[in-house]
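Grab a viewer and work through a few exercises on helix packing and burial. Try each task before you read its solution.

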Amino acid sequence: MTDRLHRFLFEHADVRGEVVQLDEAFTEITRRAEYDPAVDRLIGEGLAAVALLAATLKYPCDLTLQLQAGGPLRLLLVQAGSDGSLRAMARTSDTVPVDVPLDTQAAGGTLAITIDPESDADRYQGVVDLAGGSLGAALEHYFRESEQLATRVWLSAHEGRAAGMLIQRLPASDAAGGDADAWARADQLAATITGPELRELAPGEVIRRLFHEEDLRIFDPMPFRFRCRCSRERVAAMLEGLGEQEMRDTLEAEGQVEVRCDFCNEPYRFDAVDVEAMFTDPANRSPDSSQSH
């Protein structure tokens with residue numbers, strides 16, 4: 001099965017882990033836009049990263065990874081929902097070089113992780129500078145600075161397949177008889193994984209090969225898929241916010257107003273009748289306004 005995340009827990013030790021592999025979602029997202037190969041790779045790593053992070057949360061929420069920089073990569077925005085939905089987009093100012101450190105690809109960049117609970121709980125955001133030369137290393141830096149949890153992250157993306165692994169040392173429990181050496185052992189074993197192995201071996205096989213001598217509890221896999229949240233109704237609401245005069249000026253110049261979603265590249269077109277309805281009675285909008293993509 002593709003596009004699945006597998007969680008595991010060390011019995012009698014305060015260590016947990018996850019392995020994720022994404023094929024269809026990664027392919028679907030990158031085929032909708034023409035990015036540089038280096039950007040495709042970063043999008044794949046970002047998708048694996050948000051899947052890993054979302055699976056660590058204990059409550060329904062939307063999780064956003066946002067990398068902002070001075071260039072050549074200016075923006076990487078990747079989102080995961082508690083329902084397993086994934087989407088991503090990027091913006092660049094120049095060709096992003098391949099096989100160079102992340103802080104060269106995204107000069108002066110910062111990494112922000114935002115958690116928006118579906119309940120009335122407060123929104124959370126942690127921001128760190130890029131560190132370590134890769135997205136995985138930057139995420140480890142985030143966990144050290146924002147969460148104070150010892151965490152290791154491995155990410156890999158190539159030719160339509162993205163994968164990732166996370167292991168995390170949980171706060172020590174009060175239970176007697178815990179395995180005090182488990183974290184060091186887990187770290188050493190996980191560090192032997194290679195990018196091709198992470199992408200090509202099934203997640204269950206990765207877990208078995210690395211930790212076959214450990215006493216593990218393995219949970220049911222969690223599915224992920226590409227799903228954009230854009231809709232004609234949302235785009236119309238955005239256009240209303242720009243103002244009637246700007247819409248009429250665009251109509252006069254171009255004959256229609258066309259907007260493409262930054263995430264899925266879906267086009268939304270509004271003619272003179274649509275714009276007239278937009279600024280008179282919203283109830284007159286097309287029935288298609290509720291269609292989501």
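Below are five exercises, each with a worked solution.

The model is predicted, so local features need pLDDT of at least 70 and side-chain atom pairs count only at pLDDT 80 or more, while totals for chains, interfaces and linings use all residues. Residues are numbered from 1 along each chain as its sequence is written, and side-chain values use heavy atoms, with hydrogens and water left out.

**Exercise 1.** Work out how helix α2 and helix α4 pack, and which residues make the contact.

*Solution.* Start with the ranges: α2 covers residues 37–55 and α4 covers residues 135–147. Helices here are DSSP runs (H or I, at least four residues) and strands are runs of E (at least two), numbered from the N terminus. Next, the geometry: the axes are 10 Å apart, at an angle of about 30 degrees. Axes are lines fitted to C-alpha atoms, for helices over the stretch in contact, and angles run from 0 to 180 degrees between N-to-C directions. That makes α2 roughly parallel to α4; the cut-offs are under 35 degrees for roughly parallel, over 145 for roughly antiparallel, 65 to 115 for roughly perpendicular, and oblique for the rest. Now list the contact (heavy atoms within 4.5 Å): α2 brings Leu42, Glu45, Gly46, Ala49 and Leu53, and α4 brings Leu135, Leu139 and Phe143.

**Exercise 2.** Do the same for α1 and α2: which class of angle do they make, and which residues touch?

*Solution.* The two axes come within 10 Å and cross at roughly 140 degrees. That makes α1 oblique to α2. On the α1 side, look for Phe26, Ile29 and Thr30; on the α2 side, pick out Asp40, Ile43, Gly44 and Leu47.

**Exercise 3.** Find the buried residues of helix α7 and decide how they are arranged around the axis.

*Solution.* Select residues 203–211 and keep the buried ones (under 20% relative accessible area; exposed is over 50%, partly exposed in between; 1.4 Å probe, protein chains only). You should get Pro203, Gly204, Val206, Ile207, Leu210 and Phe211. Then look down the axis: the buried residues of α7 fall within an arc of 160 degrees, so they line one face of the helix. The arc is that of the directions from the helix axis to the C-beta atoms. A handy reminder: an α-helix has 3.6 residues a turn, so residues three or four places apart point the same way. Finally, check the cover, which includes β1 (4–10), β2 (15–22), β9 (161–169), α5 (182–190), α6 (195–200) and β10 (216–218).

**Exercise 4.** Place Pro72 and Val96, and say whether each is buried or exposed.

*Solution.* Pro72 sits in the loop between β3 (61–68) and β4 (73–81). At 17% relative accessibility, Pro72 is buried. Val96 is in the loop between β5 (85–92) and α3 (102–105), and Val96 is buried too, at 2%. Leaving out neighbours within four places in sequence, the contacts of Val96 are Asp36, Ala38, Val39, Pro72, Leu73 and Gln105. For one more distance, take Val96 and Pro37: 59 residues apart in sequence, with C-alpha atoms 8.2 Å apart.

**Exercise 5.** Where is Asp23, and what does Asp23 touch?

*Solution.* Look in the loop between β2 and α1 (24–31) for Asp23. With a relative accessible area of 12%, Asp23 is buried. Skip residues up to four places away in sequence, and Asp23 touches Thr2, Asp3, Gly160 and Arg161.
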